[in-house]
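Work through these exercises with the structure open beside you. Try each task before reading its solution.

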Amino acid sequence: MSSLLLNKISILNYKNILDKTFNFDSKINCFIGNNGVGKTNILDSIYHLAIGKSSFSISNENNINHDSEFMLLDGVFLINEKKENITCSLKRNETKVLKRNEKVYKKLSNHFGLIPVVLISPYDTNLIIEGSFERRKFMDSIISTYNKTYLQNIITHGKLIKQRNKILKYFNKSTKVDMDSILIYDDQIIKLSKPIHECRKKFINEFMPIVIDKYNKISGKNEKVSLSYKSDLNDNEIADLLKNSFQKDMILQFTSCGIHKDDLIFKISNSSIKRFGSQGQQKSFLISLRFAEFEFLKNNNNISPILLMDDIFDKLDIERVKNIVDLVNSSEFGQLFISDTDKIRIEKVLSSLKNSSKIFEI
Ligand SMILES: Nc1ncnc2c1ncn2[C@@H]1O[C@H](COP(=O)(O)OP(=O)(O)OP(=O)(O)O)[C@@H](O)[C@H]1O
Ligand SMILES: [Mg+2]
């Protein structure tokens, strides 16, 4: 098993964090402070260095402090005891620069997977509530950490669909349909769709039992949860789908079938969690998904991801908090970053975790 640590981070003008440097504990680090002081932003800065972008779907510019012209994140990681200096800098109206040991990455995707990280966040409800895009992103981000070909296939496939949609829009205005160019795109889409579908299917089969196990441990009850993979390709060949839906696609002006429409279906007692799950059940399910992600990444990449837990104890009853602490204690987690508004609660949690820790009051 490889080791991964964030030793130190310096944050300059990242949202409301103007100038802060943290030297971290190798096990548990807690950020404590009132609402709005910047706890989530600090966790996001760690996420940003690990992944190369913010966990929030905002434009890069919005990460720069409103009153500043630039932002800089500078982190010292230790991967198998080897120092890895990752920096991320951005000036207004310029493109972001991500560096590993002073060397600029040509493509952001080249950084992906070097520093696995799992974030459990109160904003996670999007994963359940929002449209299928969020759940595909969830699946893709996990698979991409251990399968670079998959990542490349997804990127290329996305571009092809975009191009195809452009043609569909253009045709709609003109009278003559140039099938030749559509068929060229279809050919490439067909080649990429099958391997992407196979990877996702295999992933769900392996991932599902871990989620169920985590959910049962957190809830402490036998509530039946399930997770399944919905895809046009489960019962059809992509070539047939594209051919049969072509007339429809022309009218809609976009590609209506394919793996870019895939989804994950989450259920509790055979009903949709999104529509029928209670708030506590939804939150427990989200934490289970993230813990499963953690375990999955750890097993597949042979390295313990950095675990960021933003405000996760809030609104959970004592029983569930205890179950989560037990889970963290038993699974061999690596380095942990926790944020909370309640210092007393955190001190209680820390006293039951038999590990070294540091508290940073923000
Ligand atoms: N680009 C920016 N420039 C300046 N301030 C920003 C920027 N983006 C966000 N903020 C500020 O950051 C603050 C929110 O910080 P953050 O969400 O990290 O707080 P928090 O400590 O996690 O609070 P809570 O306990 O409520 O979760 C808000 O006051 C917001 O206005
Ligand atoms: Mg917060």
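The exercises below concern a predicted model and move from confidence to domains, sheets and helix packing.

**Exercise 1. Confidence**

Task: Find the mean pLDDT of the chain, then the elements with the lowest and highest mean pLDDT.

Solution:
- Start with the whole chain. Its mean pLDDT is 91, and 98% of its residues reach 70 or more.
- Go on to the elements. Helix 10 has the lowest mean, 79.
- Strand 2 (residues 17-23) has the highest, 98.

**Exercise 2. Domains**

Task: Divide the chain into domains and describe the side of domain 1 that touches domain 2.

Solution:
- Set the bounds. Domain 1 covers 1-116 + 303-362, and domain 2 covers 132-299.
- Place the domains. Their centres, taken over C-alpha atoms, are 28 Å apart.
- Count the contacts. Domain 1 contributes 17 residues and domain 2 contributes 15.
- Look for the main contributor in domain 1. Helix 10 (residues 318-330) gives the most, with five residues.
- Sort the domain 1 side by residue class. Nine residues are nonpolar, five polar and three charged.

**Exercise 3. The parallel sheet**

Task: Trace the strand order of the five-stranded sheet, then name the edge strands and the helix that packs on the sheet, touching strand 3.

Solution:
- Read the order: 8-12-13-3-14. The sheet is open and its pairing is parallel.
- Go to the edges. Strand 8 (117-120) and strand 14 (357-361) each pair on one side only.
- Check the turn. Neighbouring strands are turned by 15° against each other on average, direction ignored.
- Inspect one pair. Strand 12 (residues 306-310) and strand 13 (residues 336-340) are joined by four bridges. Leu307 has Leu336 in strand 13 as its bridge partner.
- Add the helix. Helix 1 (residues 39-51) packs on this sheet and touches strand 3 (28-32), strand 8, strand 12 and strand 13. The direction of helix 1 makes about 155° with that of strand 12.
- Add helix 9 (residues 279-301), which lies across strand 8 and strand 12. Helix 9 runs at about 170° to strand 8.

**Exercise 4. The antiparallel sheet**

Task: Explain why strand 2 and strand 7 each have one side without a neighbour in the sheet, then follow the pairings of strand 1.

Solution:
- Read the order: 2-1-4-5-6-7, six strands in an open sheet with antiparallel pairing.
- Strand 2 and strand 7 (103-104) stand at the edges with a single partner strand each, so one side of each lacks a neighbour in the sheet.
- Follow strand 1 (residues 4-14) to strand 4 (residues 70-79). Eight bridges join these antiparallel strands.
- Locate partners in strand 4. Leu6 has Phe77 as its bridge partner, and Ser10 stands opposite Asp74.
- Turn to strand 2, which pairs with strand 1 over six bridges, also antiparallel. Leu12 has Asp19 as its bridge partner there.
- Examine the hairpin of strand 1 and strand 2. Two residues lie between the strands, and Lys15 takes a positive phi near 50°.

**Exercise 5. Two crossing helices**

Task: Classify the crossing of helix 3 and helix 5, and name residues that meet.

Solution:
- Take the geometry. The axes of helix 3 (residues 132-146) and helix 5 (residues 179-219) come within 11 Å and cross at roughly 95°.
- Classify the angle. The class roughly perpendicular spans 65 to 115 degrees, so helix 3 is roughly perpendicular to helix 5.
- List the contacts. Met139, Ile142 and Ile143 of helix 3 meet Cys199, Arg200 and Phe203 of helix 5.
- Sort by class. Five contact residues are nonpolar, none is polar and one is charged.

How values were computed
Residues numbered from 1 in each chain as written. Chains lettered and ligands numbered in written order. Predicted model: local features only at pLDDT ≥ 70, side-chain atom pairs only at ≥ 80, totals over all residues. Axes fitted to C-alpha atoms, helices over the stretch in contact; angles between N-to-C directions. Parallel < 35°, antiparallel > 145°, perpendicular 65-115°, else oblique. Contact = placed C-beta atoms within 7 Å. Nonpolar A, V, L, I, M, F, W, Y, C, P; charged D, E, K, R; others polar. Domains from an automatic or database assignment. pLDDT = per-residue confidence, 0-100. Pairing = 2+ DSSP bridges.
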